[in-house]
Amino acid sequence: MKKFFSVFAVAVLAVCLTACGGNAANNNSSSASDAEGEAPALEETAAAEAQEVAGEQDILAQYETLINKTIELQGKVREGDAEAMQEYSELAEKLVPLAEQLAQEFANMTPEQIQHYTKLAQKLAEAATAQ
C-alpha cells in the first residue's frame, strides 16, 4: 500500500510541476500609429488576465480541498478500509485533471499562487511517504 501512495504522489507531483510553456510572448515592437488603438486592447487584456487569475485561485482552492481530503483518507486506506479506498480513488480522479489544468496555467500564475501550489504538492508528497 505504501508503494501505491508513493507512486500516486510521484504521478501527481509530475503533473503538478510540469508547466506548459506554450504561451507565446507578446511582441511589443508596435509602431506609434498602433499605440492609439492599443489602450482599449490593453484594458481588455488586463480584464481578461484578472479573470484568469481569479479562475486560477478557484482551481487552486479546489485543488487544496481535494488534497486535504486525500490526506485525511490516507490513514484509513493504510488500514485497509475499502470505502476509504474507493473515495481515495475518486479523489485521485478529480485531482489529476485539476493538477493538469494548473500545470497548463503555471506560466500565468502569480508568485504567491506558484508558492501556494508548490506547498500543496509538497504537502501531498510528504503525506504519501509518511508512515
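1. Phenylalanine 106 has a relative accessible area of 23% and is therefore partly exposed, since the buried class ends under 20%. This residue of the predicted model is a useful starting point, as it leads to the aromatic residues and to the helices around them. Phenylalanine 106 belongs to the loop between H4 and H5.

2. The ring of phenylalanine 106 pairs with that of tyrosine 117: the centres are 5.9 Å apart and the planes stand at 55°, so the arrangement is classed as tilted. Because phenylalanine 106 is in the loop between H4 and H5 while tyrosine 117 is in helix H5, the pair ties together parts separated by 11 residues in sequence. In contrast to the partly exposed phenylalanine 106, tyrosine 117 has a relative accessible area of 0% and is buried.

3. The structure contains 2 aromatic pairs. Besides the pair described above, tyrosine 63 and tyrosine 117 form a tilted pair, with 5.9 Å from centre to centre and 40° between the planes. Tyrosine 63 comes from helix H3 and tyrosine 117 from helix H5, so this pair ties together parts that lie 54 residues apart in sequence. Both tyrosine 63 and tyrosine 117 are buried. Taken together, Tyr63, Phe106 and Tyr117 make up one aromatic cluster.

4. Two of these residues recur in the largest nonpolar core, which comprises 19 residues; Tyr63, Ile67, Leu102 and Tyr117 have the most contacts inside it. At least two residues of this core come from each of helix H3 (38-78), helix H4 (82-104) and helix H5 (111-129). The greatest contribution is that of H4, with 8 residues.

5. As to the overall fold, the protein chain has 5 helices and 0 strands, and its pattern along the sequence reads α-α-α-α-α. Of the 131 residues in the protein chain, 25% are buried. Among contacts between residues at least 6 apart in sequence, 82% join residues at least 24 apart.

6. Helix H4 consists of 23 residues, and the distance from its first C-alpha to its last is 34 Å, close to the 33 Å expected at 1.5 Å a residue. Its buried residues are Ala84, Tyr88, Leu91, Ala92, Leu95, Leu98, Ala99, Leu102 and Ala103. The N-terminal end of H4 is capped by aspartate 81, which places a side-chain oxygen 3.0 Å from the backbone nitrogen of glutamate 83.

7. Helix H5 has 19 residues, which at 1.5 Å a residue should span 27 Å; the C-alpha atoms at its ends are 27 Å apart, so the two values agree. Buried in H5 are Gln113, Tyr117, Leu120, Ala121, Leu124, Ala125, Ala127 and Ala128. Viewed down the axis of H5, these buried residues fall within an arc of 165° and therefore line one face of the helix. Pro111, Glu112 and Glu126 are exposed on the face turned away from that buried side.

8. Glutamine 113 deserves separate mention as a residue of helix H5. Its relative accessibility is 4%, so glutamine 113 counts as buried. A polar atom of the glutamine 113 side chain lies 2.9 Å from the backbone nitrogen of threonine 110.

9. Isoleucine 114 is likewise found in helix H5, but its relative accessibility of 25% means that this residue counts as partly exposed. With neighbours within four places in sequence set aside, isoleucine 114 is in contact with Phe106 and Met109. Isoleucine 114 and leucine 102 are separated by 12 residues in sequence and by 9.6 Å in space, C-alpha to C-alpha.

10. A final point concerns threonine 65, located in helix H3. With 40% relative accessibility, threonine 65 counts as partly exposed. The C-alpha atoms of threonine 65 and leucine 95 are 9.8 Å apart, and the two residues are 30 apart in sequence. Leucine 95 is among the buried residues of H4.

Terms used: Residues are numbered from 1 along each chain as its sequence is written. This is a predicted model: local features need pLDDT of at least 70, side-chain atom pairs count only at pLDDT 80 or more; totals for chains, interfaces and linings use all residues. Side-chain values use heavy atoms; hydrogens and water are left out. A nonpolar core is a set of buried Ala, Val, Leu, Ile, Met, Phe, Trp, Tyr and Cys residues joined through side-chain atoms within 4.5 Å. Buried means under 20% relative accessible area, exposed over 50%, partly exposed in between (1.4 Å probe, protein chains only). Helices (H or I, at least four residues) and strands (E, at least two) are DSSP runs, numbered from the N terminus. Rings of Phe, Tyr and Trp (its six-membered ring) pair if their centres lie within 6.5 Å; planes under 30 degrees apart count as stacked, over 60 as edge-to-face and the rest as tilted. The expected span of a helix is 1.5 Å times one less than its number of residues. The arc is that of the directions from the helix axis to the C-beta atoms. A polar contact is a pair of N or O atoms within 3.5 Å; within protein, one must be able to donate a hydrogen and the other to accept it, and residues adjacent in sequence count only if both atoms are side-chain atoms. Contact means heavy atoms within 4.5 Å.
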